[in-house]
Amino acid sequence: MLLDTRQSLETPEGALLPLTPAGFGVRALAQILDILIRFGITTVIFIVLSLLGRMGIGLALILTFLLEWFYPVFFEIARNGRTPGKKWMGIRVVNDDGTPITFGPSLLRNLLRVVDFLPMAYLTGIVASLCNRQFKRLGDLAAGSMVIYDAPPLAEPSFAVRGQLPVPAGFSTDEQRALLAFAERSNYLSAERQSELATILQPVIHAKDPVIAIKQMANTMVGKQ
Amino acid sequence: MKQGQFEQLYQPLWQVLEMQIVELEKSGGQLTGDELASFASRYRRLCHFHALARDRHYSSHLVDKLGDLVVRGHQQLYRRKQPFFQQFISFIVAGFPRLVREQHAYIWWATALLYVPGLLIYVTILWQPDLVYTVTSPDQVSSFEEMYDPANRTLGAARESDTNVQMFGYYISNNIGVSFRTFASGILFGVGSIFFLVFNGLLMGAVAGHLTNAQFTETFFSFVVGHGSFELTAICISGAAGLKLGYALLAPGNVTRVESLKRASAIAIKLVYGVIIMLVIAAFIEAFWSSNNILMPWQKYLVGGFLWALVIGYLVFSGRQLRGETASVERGPV
């Protein structure tokens, strides 16, 4: 069994959408980034508009009000669920059926932010998000939204080995994935560790050099020579 | 079928679909004519390929690639329409007042929670003036006295217009912030909304009572009567929306608490849309009309009465004739 938070959502077509909910750690970092950005903008607004006297202060108050409550709503709608902070951390908000977030849910989850913040530092939100499998804070529960990781773009793999070797029949998709993951991560492993890991499969694949054999199987899987 | 054959045979199909998805993902990207018509069926075939590839244990690379396309296609196909601006007018004319009437039980409770404590403390302070200090601090009391002291008003001098803009900004950020908090804290089983409603009611009643004792009635009531129509009603509605969240958690009925909260929120947030609009209007009246000292008090009372009639009439009657309003669909707390 894989130890991760990935969940499948079944669509009307019977396809299973893999979605990975984001926990409060990465969301807190995104939130800190957003707060810093907002703080920067607020400072600039007040410096510039205070030159305009009382009228400027009035405008600045309106703008900071909009910034405080509607900054996340604006970006979540306009940027497909990503505020600048979330984009930076590679996460985004979606409706919990996997569709892009819409105005109502976005406004709702961001208004309820004040409750999730209570009594301090998003304690309510953190406790709530630890009580369900999608890491939903109260705002997400009410709005029917969730924060997920963006799927990383599929990189063009390269395993530094030439040649192909057929994958033995009977390897399930997950087992194939493990082979591929091994080949992809081998750059970060020492040669000794590589052969130590690859040798585990020796009884199944009967190769002369299991490390090279697995990489060649990986080549087969991604269709490289 | 071997994976190689499978890919060779069907790759052109999913490549076309990938191009369409990339086009749709661009902001403002659109498909037209045949392309648009065939998108859904292409997407369904893609789902089929994905399922086949998984079932036949084709390489994980292929399965993941198709899976990624399925996710992106799903995002495009099931993108919900966002007719927010198109529906704006119909929401104002009919949707919002209908919703308020449909949720009348919550509205009445919120109204009672705001006004009853307010009236009680108003009467109490007329009888025991010192009780005002149980609600507010002496500093606040003296600042209110200063604000509404007729002696501080130079008759015939309107405020500078830039001061009006400053106060407009202040009313917007303060009042809408208060109503957002009144709404949001309702998710704490209603407790937060009740607190904010009662607290604001007490504060209002105490200040009114104190200023009545100080004989500043005319300046005070002529100031608040105009924008109060929109502002107080909006606070009641946002409190009602909050109470709805709390009640959905307390008494979920036949569904789970989370599901019940979700359904109640979808309705409550629409009340908040209306509240925002009402509070912007209120802030506008407060900054540019209520503060105007050139106007005689009777003019302000007259317009204030008209505005109250407008708000109540709007909420009670607007949108009734259009395509027959159904009787209240849902019962609130009784």
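Is the crossing of H1(B) and H2(B) left-handed or right-handed? It's left-handed, and you'll find the rest of that helix pair further down. Keep in mind as you read that this is a predicted model. We'll start with chain A as a whole, zoom in on a few of its residues, then move over to chain B and the place where the two chains touch.

**Chain A as a whole**

- Chain A is built with 11 helices and 4 strands.
- Its radius of gyration is 24 Å, while the globule rule gives 17 Å for 225 residues, so chain A is more spread out than a compact globule.
- You can also look at the span of the C-alpha trace of chain A along its principal axes, which is about 80 × 40 × 35 Å.
- Of the 225 residues in chain A, 35% are buried.
- Take the contacts in chain A between residues at least 6 apart in sequence: 60% of them join residues at least 24 apart.

**A helix tucked away in chain A**

- Helix H4 of chain A covers residues 103-111, and 8 of its 9 residues are buried, so this helix is largely enclosed by the rest of the structure.
- Among the buried residues of H4(A) you'll spot A:Gly104, A:Pro105, A:Arg109 and A:Asn110.
- A:Leu107, A:Leu108 and A:Leu111 are also among the buried residues of H4(A).

**A:Asp96, just before that helix**

- A:Asp96 sits in the loop between strand S3 (91-95) and H4 of chain A.
- Is A:Asp96 buried or exposed? A:Asp96 is buried, because 20 other C-beta atoms lie within 10 Å and 20 or more is what it takes to count as buried.
- Skipping its neighbours within four places in sequence, A:Asp96 is in contact with A:Gln134, A:Gly144, A:Ser145 and A:Met146.
- A:Lys215 is 119 residues from A:Asp96 along the chain, and the C-alpha atoms of the two are separated by 38 Å.

**Backbone oddities between H5 and H6 of chain A**

- Here's some background: most residues other than glycine have a negative phi, and most peptide bonds are trans.
- Now look at the peptide bond from A:Leu118 to A:Pro119, which is cis, with omega near -15°.
- A:Pro119 is in the loop between helix H5 (113-117) and helix H6 (123-130) of chain A.
- A:Ala121 is in the loop between H5 and H6 of chain A too, and its phi is positive, at about 50°, although A:Ala121 is not a glycine.
- With 10 other C-beta atoms within 10 Å, A:Ala121 is exposed.
- A:Tyr122, also found in the loop between H5 and H6, has a positive phi near 60° and is a residue other than glycine.
- A:Tyr122 counts as partly exposed, with 18 C-beta neighbours inside 10 Å.

**Two helix pairs in chain B**

- Two packed helices are described by the angle between their axes and the distance between the axes.
- Back to the opening pair: the axes of H1(B), residues 3-25, and H2(B) come within 10 Å and cross at roughly 125°.
- H1(B) and H2(B) are therefore oblique to each other.
- On the H1(B) side, the contact includes B:Tyr10, B:Trp14 and B:Gln20, and on the H2(B) side it includes B:Phe39, B:Arg42 and B:Phe49.
- The residues of this contact of H1(B) with H2(B) split into 9 nonpolar, 1 polar and 3 charged.
- In the other pair, H5(B) packs with H9(B), residues 191-213, at an angle of about 30° and with axes 7 Å apart.
- That angle makes H5(B) roughly parallel to H9(B).
- The crossing of H5(B) and H9(B) is right-handed.
- The contact of H5(B) with H9(B) has 17 nonpolar, 8 polar and no charged residues.

**B:Pro129, in a loop after H5(B)**

- B:Pro129 lies in the loop between helix H5 (104-127) and helix H6 (132-135) of chain B.
- B:Pro129 is partly exposed, with 14 other C-beta atoms within 10 Å.
- Apart from its neighbours within four places in sequence, B:Pro129 is in contact with B:His210 and B:Asn213.
- B:Ala206 is 77 residues from B:Pro129 along the chain, and their C-alpha atoms are separated by 9.4 Å.

**Where the chains touch**

- The contact takes 45 residues from chain A and 50 residues from chain B.
- On the chain B side, helices H2, H3, H8 and H11 each give two or more residues.
- H8(B) provides the largest share of that side, 16 residues.
- The chain B side divides into 24 nonpolar, 16 polar and 10 charged residues.

Definitions and conventions:
Residues are numbered from 1 along each chain as its sequence is written. Chains are lettered from A and ligands numbered from 1 in the order in which they are written. This is a predicted model: local features need pLDDT of at least 70, side-chain atom pairs count only at pLDDT 80 or more; totals for chains, interfaces and linings use all residues. Two residues are in contact if their C-beta atoms, placed from the backbone, lie within 7 Å. Ala, Val, Leu, Ile, Met, Phe, Trp, Tyr, Cys and Pro count as nonpolar, Asp, Glu, Lys and Arg as charged, and the others, Gly among them, as polar. A residue is buried if 20 or more other C-beta atoms lie within 10 Å of its own, exposed if 12 or fewer, and partly exposed in between; C-beta atoms are placed from the backbone. The radius of gyration is taken over C-alpha atoms; the globule rule is 2.2 Å times the number of residues to the power 0.38. Axes are lines fitted to C-alpha atoms, for helices over the stretch in contact, and angles run from 0 to 180 degrees between N-to-C directions. Angles under 35 degrees count as roughly parallel, over 145 as roughly antiparallel, 65 to 115 as roughly perpendicular and the rest as oblique. A crossing is left-handed if the near helix is turned anticlockwise from the far one by less than a right angle, and right-handed if clockwise.
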